[in-house]
Amino acid sequence: MQHPQTLSLPEPDAESAMHSDCVAEFIRDRIRDAGGQISFAEYMHHCLYAPGLGYYSAGSAKFGAAGDFVTAPEVSSLFGIILSRQCAEILAQIDSPAILEIGAGSGKLAADLLKGLADCGALPEQGYKILDVSADLRERQASFLRRHVPELLNRVEWLNALPEDFSGVVIANEVLDALPVERFVRREQCIAQVCVVTDGDEFSLVETEAPAMLIEAVEKIEAFLGQSLPSGYASEVCVAAPRWAADICGSLRDGAAFLFDYGTSRREYYAAQRSGGWLRCHYRHHAHDNPLILQGIQDLTSWVDFTAVAEAAVDNGLDIAGFVTQAQFLIGGGLDNYLADFAELPTDAQLKLSAEIKLLTLPAEMGENFKCLGISRGNLQPPTAFEFGDRTTSLG
Ligand SMILES: C[S@@+](CC[C@H](N)C(=O)[O-])C[C@H]1O[C@@H](n2cnc3c(N)ncnc32)[C@H](O)[C@@H]1O
């Protein structure tokens, strides 16, 4: 396979470079143990989640200016405040509800949501639960919440697994894109799986015979599209995403989930002109497409096929509450209410707020590529943030 192009990236400092060498060594050992190759999904899993080593398991900065990327809650507290009003609408319709945030990152969204809910008198009776695979991030979330919302910390509980029976609101911002993806290539007579091999210290990609689960996943996509993908077409499929969504649906007895991420409908995801796929690597605010370097110190991520997530929800008995862009969610959720006193703000605050709103809502920034899929169970009023520009029909 063609080796992806590597742009000129900042040099890691000595400590990060040493850490990355350890992660690379760990992965080389896994490849050797597996007889010479591992699937791309397994490689991505080790890069991100190898215990004590992976990008999310170890202690690098990740979020914000000092890290590798910014997420909507890191850009502005407005994101969490508007979302808190949407949560309040759902919580008011449910007995004994809780909030469950999956993949809470730095803890910034949790702090904003807790403050927003407290401000409108809607703190959930059963508290705020966080489920995160990263022990390092769980500690950082606790420390962030201790510093920023000490009076609300006693409402927060960290879970080790999804609750068996949950009523309330589930939130996940940029978690689906962090689930490992399989990479494949459509060949004339078969579907090839992309695997990772080593040659000395170097990693490279090879095509091998795909296992049944990958063939099935790609054939499902082709059946949906009503035609085979063209020969040579390369892309990703996240077999973990429908399972992840199904697990959430299994846990959600009554309530709704807001799933935010960059992604699109399956039809657009696998459009002919999109051969090459959607995998991106983020290192110190540089986006590039070489996942075979900087193991454990760069983020690997792929866009989300929201049709796959919506299908899993419907198959598990949930309804689609709405599918909107992040800009539409924020506008439908009442962004303008938070701008009522804009003219009275000092100039520097006005400039800061305008910059945040631009980043969150402009189509060329996060406004259009980021979407929110809402799924719900029970007889709930649809959240108002889905009233404007719903594009659920694009998922079919
Ligand atoms: C890209 S970060 C997003 C963090 C945060 N939600 C934000 O918007 O800033 C992904 C987060 O999801 C967590 N994560 C990844 N896979 C997960 C899973 N299967 N279950 C729970 N948390 C997960 C990571 O540890 C990390 O906290």
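Is Ala98 buried or exposed, and what is the relative accessibility of Ala98? Ala98 has a relative accessibility of 3% and therefore counts as buried, the cut-off being under 20%. This value, like the others in this report, is computed from a predicted model.

**Ala98 and its surroundings**

Ala98 belongs to strand E2. Outside the residues within four places of it in sequence, Ala98 is in contact with Leu91, Pro124, Gln126, Gly127, Lys129, Phe166, Ser167, Gly168 and Val169. One of these, Gln126, is 28 residues from Ala98 along the chain, yet the two C-alpha atoms are separated by 4.6 Å.

**Domains and the largest pocket**

The protein chain is assigned two domains, each made of separate segments: domain 1 covers 14–64 + 180–241 + 267–302, and domain 2 covers 72–178 + 304–395. A distance of 28 Å separates their C-alpha centres. Across the boundary, 20 residues of domain 1 are in contact with 16 residues of domain 2.

Where does the largest pocket lie with respect to domain 1 and domain 2? Because both domains give residues to its lining, the largest pocket lies between them. Its volume is about 680 Å³. The lining holds 35 residues, and those closest to the pocket centre are Tyr49, Gly103, Asp132, Val133 and Val175. Two or more lining residues come from each of helix H2 (40–49), helix H3 (72–75), strand E2 (98–102), helix H5 (108–119), helix H6 (135–148) and helix H8 (240–251). Helix H8 makes the biggest contribution, with four residues. By class, the lining is made up of 18 nonpolar, nine polar and eight charged residues.

Helix H2, one of the elements named above for the lining, is mostly covered, with eight of its 10 residues buried. The buried residues in H2 are Phe40, Ala41, Tyr43, Met44, His46, Cys47, Leu48 and Tyr49. Tyr49 is also among the residues closest to the centre of the largest pocket.

**Cysteines**

How many disulfides are found in the whole structure? The search finds zero. Cys87 is in no disulfide, and the nearest cysteine sulfur to it belongs to Cys120, 9.4 Å away. For a disulfide, the two sulfur atoms would have to be within 2.5 Å. Cys195 is likewise in no disulfide: its nearest cysteine sulfur is that of Cys190, at 13 Å. As for accessibility, Cys87 is buried at 0%, and Cys195 is buried with a relative accessible area of 2%.

**Residues with positive phi**

Two loop residues other than glycine have a positive phi, His285 and Leu294. The table sets out their values.

| Residue | Phi | Loop | Relative accessibility |
|---|---|---|---|
| His285 | near 65 degrees | between strand E11 (279–283) and strand E12 (286–288) | 42%, partly exposed |
| Leu294 | near 50 degrees | between E12 and strand E13 (299–302) | 14%, buried |

Why is His285 counted as partly exposed? Its relative accessibility of 42% falls between the 20% and 50% limits, so His285 is placed in that class. Leu294, with a relative accessible area of 14%, is under the 20% limit and is therefore buried. Strand E12 borders both loops: His285 is in the loop between E11 and E12, while Leu294 is in the loop between E12 and E13.

Terms used: Residues are numbered from 1 along each chain as its sequence is written. This is a predicted model: local features need pLDDT of at least 70, side-chain atom pairs count only at pLDDT 80 or more; totals for chains, interfaces and linings use all residues. Side-chain values use heavy atoms; hydrogens and water are left out. On a 1 Å grid over the protein atoms alone, a cavity is a set of points where a 1.4 Å probe fits but cannot get out, and a pocket is an open set with protein on both sides within 12 Å along at least five of seven lines; lining residues have an atom within 4 Å of a point. Grid points are joined across faces, edges and corners, and a volume is the space filled by probe spheres set on the points. Ala, Val, Leu, Ile, Met, Phe, Trp, Tyr, Cys and Pro count as nonpolar, Asp, Glu, Lys and Arg as charged, and the others, Gly among them, as polar. Domain bounds come from an automatic or database domain assignment. Buried means under 20% relative accessible area, exposed over 50%, partly exposed in between (1.4 Å probe, protein chains only). Contact means heavy atoms within 4.5 Å.
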